[in-house]
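Student: I have a model open and want to learn how to read its features. Can we go through them one at a time?

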There are 2 protein chains.
Amino acid sequence: MSSGSFRASRRIRGHDPYLPGEQPILPGSVIKLNTNENPYPPSPQVEKAIASEVERLNLYPNPPACDLRHTVARLHDLEPNQIIFGNGSDDLLNLCIRCFSDDELSVGMMHPSYSLYEVLARVQGSEMIQVPFADDRFSLNLEAIASCGSNLFFLTSPHAPSGRVYRLAELRRLAATFSGLLVIDEAYADFAPETALPLLEEFDHLLITRTLSKSYSLAGLRVGYAIGHPKVIKQLDMVREVYNLDRLAQAGAQAALNDREHFQECLSKIIEQREWLSEQFHSIGWRTLPSGANFVFVRPETADKKFGPSVASSLFHHLATDKILVRYFPKHPLTESYLRISIGKQQEMVMLMNSVKQWTSKDQR
Amino acid sequence: MSSGSFRASRRIRGHDPYLPGEQPILPGSVIKLNTNENPYPPSPQVEKAIASEVERLNLYPNPPACDLRHTVARLHDLEPNQIIFGNGSDDLLNLCIRCFSDDELSVGMMHPSYSLYEVLARVQGSEMIQVPFADDRFSLNLEAIASCGSNLFFLTSPHAPSGRVYRLAELRRLAATFSGLLVIDEAYADFAPETALPLLEEFDHLLITRTLSKSYSLAGLRVGYAIGHPKVIKQLDMVREVYNLDRLAQAGAQAALNDREHFQECLSKIIEQREWLSEQFHSIGWRTLPSGANFVFVRPETADKKFGPSVASSLFHHLATDKILVRYFPKHPLTESYLRISIGKQQEMVMLMNSVKQWTSKDQR
């Protein structure tokens, strides 16, 4: 075979891709609490909308997804030119990196948070500045963010993997002191007591990203949106892949956004289970952080009150043996003693706690 | 409102996005021959596959789209590790740019061809080398390509917007002389007499991209794939957005690829109409290039045998008045006297020719 002499870009040499939670081929055979999916199917209206769109699949989709922009504008009481849609919110995070960072303009993020930010920055050849948390409750150090010098900053709020909620007043102080483009990644905000949306009226260097993957049960459809000042949206639109959102994604998202009743119902059930699960952990004396998301971040303890990486890892593997998948982030001191557990259906939460109790009662070496 | 002081990356300053053909909001109200869509709906199996996948939309899709890689491997008698799927083939073209070009590694393309290559290169901050054609029949200048010095080269084959077919022997000579990564964009190859696929056994610096948008009637679903050496595929996979292909796109593409009968039937009808339309133009003495695609590139002439930009533009506007959308590329001497007309259903081709004849019989000033 004849070989060429082409090279890979130095931007991707030694690059490690983002590693998602395991996606089992037969999802029905396990209790899947590892990627923060919604345990309930999407609105029945989604199925109808998609079925009626299939016959038009031979035609390209509407490039800007106009109808969706109008729907979200109504939902949040904004203008359509403040909104852009992406193939999942990951698409929009990538657009932010591509528009507002390069080898001269750096990016910042809280560390640890969503590791994709770093992956995307590396592919762009942008320096990533990792700002540490102020304490082990994932409190922000506003001064450190304001002075980090990045042109773009990603804040996951509520935070992942901890579920920590940042209040509006604190985010306002942050926006007032950080002068780059502040991207507040609100992937989990529908499960939280408040959102940064009111700040859009006060600051033009703020972008809020949302996903339909979690609260709208559409992880499999890849739809997210971002909200910001029209001048920022315009820049992102210029670099957006022209047909980034397919016809079925547009039709399905539209139906899901419009069925407010189904949305609220699923949300209530998930929040109820989250509070139940947190209470269960409290009752056995395990530390959890108050969660504003669809998961609980918990520090497992042995019967003799020991905790740490080996304890967390032991429970992780015990649960896996019981075909219960959760997520473990062993690489950082703030996360290595914890497990992140997505909120499932009531029965799944009961089975999880049964397995947890079985583990605590075992000789754990 | 408080303003930040963030800047856009210099890579996107003054950037012009790719401009697709017009997408009317009510596609039924026009004869749409401007974006090379397939006039027939996708296989009925697509609808069934999608309907049965909707209930799993709350779960993330399979990141590498494993089933699709296996299906395409069987289809082309290859190994799954030679294949990668994208959110449309545009996603894969962009991955090529991101993996194999940067401010040091340049990109090459034939000019004019698919203008997206240039748009993608600009956003990456990569120099684009435009190689001119050898003549007005869009013949390749192999020496000019081989010596252009780019690390990556895009060749649209069959060519767009001309439909020109490059034969396997010529592509083999090209691969033997150009030492960078040669991307043969076979978006239209299913409509052509041959493909570059046999060259994959001979060269490891060759990547072939395909789309399901045209020949599989799935422009609205955004599915494409690329075929190449496992080491090239591995690089592209590292930079690929982890969930780039949603569940419905995976299920629908699978069904479309497996229904060979529907595929062949649509293909035959389109090729039959293409030959009929070419013959119609020949019979009135208009120049067309032999097309290996689902469109015809034709040079309109007035009744007194004049041609040129004003003549092409005149017919373009006449057709638009008749609600027939075609594509006109006025920016290059090789295309400014031509129109590109996508192949539609028989009835649409008849209506098109009626409108053309009405135009030729008018006083055209």
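Student: Which residues do ring pairs link into a cluster with Y18(A)?

Tutor: Keep in mind that this is a predicted model. Ring pairs join Y18(A), Y114(A), Y117(A) and F154(A) into a cluster.

Student: How do I read a ring pair?

Tutor: An aromatic pair is described by two values, the distance of the ring centres and the angle of the planes. Over all chains the count comes to 30 aromatic pairs. Take Y18(A) and Y114(A): their ring centres are 5.5 Å apart and their planes stand at 85 degrees, so the pair is edge-to-face. The cut-off for that label is over 60 degrees.

Student: Where in the chain do Y18(A) and Y114(A) lie?

Tutor: Y18(A) is in the segment before β1 (31–32) of chain A. Y114(A) is in the loop between β3 (107–111) and α4 (116–124) of chain A. The two are 96 residues apart, so the pair links distant parts of the chain. Both Y18(A) and Y114(A) are buried.

Student: What is the geometry of the pair F133(B) and F138(B)?

Tutor: The centres are 5.1 Å apart and the planes are at 75 degrees, so F133(B) and F138(B) are edge-to-face. F133(B) has a relative accessible area of 11% and is buried. F138(B) is buried at 0%.

Student: Which residue lies over the face of F295(A)?

Tutor: R340(A) does, 5.6 Å from the ring centre. In chain B, the charged end of R340(B) sits over the ring of F295(B), 5.6 Å from its centre.

Student: What surrounds S342(B), and is S342(B) buried or exposed?

Tutor: S342(B) belongs to strand β12 (residues 339–342) of chain B. S342(B) is buried, with a relative accessible area of 1%. Neighbours within four places in sequence are left aside here. Beyond them, the contacts of S342(B) include L33(B), N34(B), T35(B), F295(B) and M349(B). The side chain of S342(B) also makes a polar contact with the side chain of N36(B), at 2.7 Å.

Student: How many salt bridges does the structure hold?

Tutor: There are 44 over all chains. For each, ask where the partners sit. E37(A) bridges to K32(A), with the closest N and O atoms 2.8 Å apart. Both E37(A) and K32(A) are buried.

Student: Is E55(B) buried or exposed?

Tutor: E55(B) is exposed, at 56% relative accessibility. Its salt-bridge partner is R56(B), at 3.9 Å from N to O. R56(B) is partly exposed, at 30%.

Student: Which parts of the chain does the pair E186(B) and R210(B) link?

Tutor: E186(B) lies in the loop between β6 (181–185) and β7 (206–211) of chain B, and R210(B) in strand β7. They are 24 residues apart. Their side chains meet in a salt bridge of 2.9 Å, N to O. E186(B) is buried at 2% relative accessibility, and R210(B) is buried at 5%.

Student: Which residues are linked with R10(A) in a network of salt bridges?

Tutor: R11(A), D102(B), D103(B) and E104(B) are linked with R10(A) in that network.

Student: How are the two copies related?

Tutor: In general, two copies of a chain are related by a rotation about an axis and a shift along it. Here, a turn of 180 degrees and a shift of 0.0 Å lay chain A on chain B with an RMSD of 0.0 Å. The copies are thus related as by a two-fold rotation axis. In chain A, the C-alpha nearest that axis is that of A51(A), at 3.3 Å.

Student: Through which surface do the copies meet?

Tutor: Of the interface residues of chain A, 100% are also interface residues in chain B, so the copies meet through the same surface.

Key:
Residues are numbered from 1 along each chain as its sequence is written. Chains are lettered from A and ligands numbered from 1 in the order in which they are written. This is a predicted model: local features need pLDDT of at least 70, side-chain atom pairs count only at pLDDT 80 or more; totals for chains, interfaces and linings use all residues. Side-chain values use heavy atoms; hydrogens and water are left out. Rings of Phe, Tyr and Trp (its six-membered ring) pair if their centres lie within 6.5 Å; planes under 30 degrees apart count as stacked, over 60 as edge-to-face and the rest as tilted. Helices (H or I, at least four residues) and strands (E, at least two) are DSSP runs, numbered from the N terminus. Buried means under 20% relative accessible area, exposed over 50%, partly exposed in between (1.4 Å probe, protein chains only). A charge sits over a ring if NZ of Lys or CZ of Arg is within 6 Å of the ring centre and within 35 degrees of the ring normal. A polar contact is a pair of N or O atoms within 3.5 Å; within protein, one must be able to donate a hydrogen and the other to accept it, and residues adjacent in sequence count only if both atoms are side-chain atoms. Contact means heavy atoms within 4.5 Å. Copies are superposed by least squares on the C-alpha atoms of residues with pLDDT of at least 70 in both. A salt bridge is a side-chain nitrogen of Lys or Arg within 4 Å of a carboxyl oxygen of Asp or Glu.
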